[in-house]
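User: I would like to learn how to read backbone and packing features from a model, taking one feature at a time. Could you take me through this one?

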Amino acid sequence: FSGPLQDWIDKDDRVPANRDGAESSWYRSAEPPYLPRNGPLLSFAELALLKGMDADTLRALRPFASVLPLAVARVNVNTAPPEVLAALHPSLDDDLVLGRLLQARASAGISSWQEVLSTAGSSVAAAKSLLGFKSGWFRVRSSGAVGDTYRSVEALLNRQEGRIHII
């Protein structure tokens with residue numbers, strides 16, 4: 001889905017020949033017709049509008065993906081699921097490298113880039129801009145029931161300078 005996602009968020013109306021994407025002409029032919037955002041995603045649910053996206057894929061992605069509002073966030077190497085770490089960069093998809101990171105974070109946690117390099121080796125250097133050691137964004141889900149009525153609510157929280165903001 002990288003082609004359709006790239007086309008959904010880019011500002012042009014061109015689909016490069018080397019990828020399977022979709023721009024306004026494809027979305028105009030849908031029933032009902034609509035247009036790509038040509039900007040950042042505003043919600044996870046918006047992924048359902050992408051060419052080729054189906055409900056099974058959305059369900060599979062949900063535990064691992066969030067849409068953040070125009071924020072640059074690094075993935076916390078201490079808390080990210082192994083699937084997320086492996087998807088970030090080819091060097092992290094190596095079972096040995098990933099295993100070392102998971103073992104190090106389970107025993108004492110990882111708090112610096114030097115610890116990542118000493119644990120996983122220099123092959124992960126290219127992933128430096130993607131990894132962090134603290135979390136600033138949190139997804140909170142709460143469910144409850146009264147009688148036969150069940151409700152769930154989900155919130156995106158952002159921690160900045162010791163304060164929590166609900167997004």
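**Reading the backbone, the sheet and a helix pair**

Analyst: Let us begin with accessibility: Asn38 counts as partly exposed because its relative accessibility is 25%, where buried means under 20% relative accessible area, exposed over 50% and partly exposed in between, with a 1.4 Å probe and protein chains only. Please keep in mind that this is a predicted model, in which local features need pLDDT of at least 70 and side-chain atom pairs count only at pLDDT 80 or more, while totals for chains, interfaces and linings use all residues. Residues are numbered from 1 along each chain as its sequence is written, and side-chain values use heavy atoms, with hydrogens and water left out.

User: What is the sign of phi at Asn38, and where is this residue found?

Analyst: Asn38 has a positive phi of about 55 degrees although it is not a glycine, and it is found in the loop between H2 and H3. Helices here are DSSP runs of H or I with at least four residues and strands are runs of E with at least two, numbered from the N terminus. The loop between helix H2 (24-28) and helix H3 (55-61) is also the place of Pro32, and the peptide bond from Glu31 to Pro32 is cis, with omega near -5 degrees.

User: How should I read the strands, and in which order do they lie in the sheet?

Analyst: Two strands pair if DSSP finds at least two bridges between them. In this model an open sheet of three strands has the order S3-S4-S5, with antiparallel pairing; S3 and S5 are the edge strands, each pairing on one side only. Neighbouring strands of this sheet are turned by 35 degrees against each other on average, with direction ignored. As a general idea, side chains in a regular strand alternate between the two faces of the sheet.

User: How many bridges join S3 to S4, and how many join S4 to S5?

Analyst: Strand S3 (residues 137-146) pairs with S4 in the antiparallel sense over 10 bridges; Val140 has Ala155 as its bridge partner in S4, and Ser143 has Ser152. S4 and S5 are antiparallel over four bridges, with Gln160 partnered by Arg163 in S5 and Arg159 standing opposite Ile164.

User: Which residues take a positive phi in the two hairpins?

Analyst: In the hairpin of S3 and S4, which has two residues between the strands, Gly147 takes a positive phi near 60 degrees. In the hairpin of S4 and S5, also with two residues between the strands, Glu161 takes a positive phi near 50 degrees, although Glu161 is not a glycine. Glu161 counts as exposed because its relative accessibility is 84%.

User: How do I describe two helices that meet, and at what angle do H5 and H6 cross?

Analyst: Axes are lines fitted to C-alpha atoms, for helices over the stretch in contact, and angles run from 0 to 180 degrees between N-to-C directions. The axes of helix H5 (residues 95-107) and helix H6 (residues 113-120) come within 9 Å and cross at roughly 130 degrees. H5 and H6 are therefore oblique to each other, since angles under 35 degrees count as roughly parallel, over 145 as roughly antiparallel, 65 to 115 as roughly perpendicular and the rest as oblique. Contact, meaning heavy atoms within 4.5 Å, is made by Val97, Arg100, Leu101 and Ala104 of H5 and by Val116, Thr119 and Ala120 of H6.
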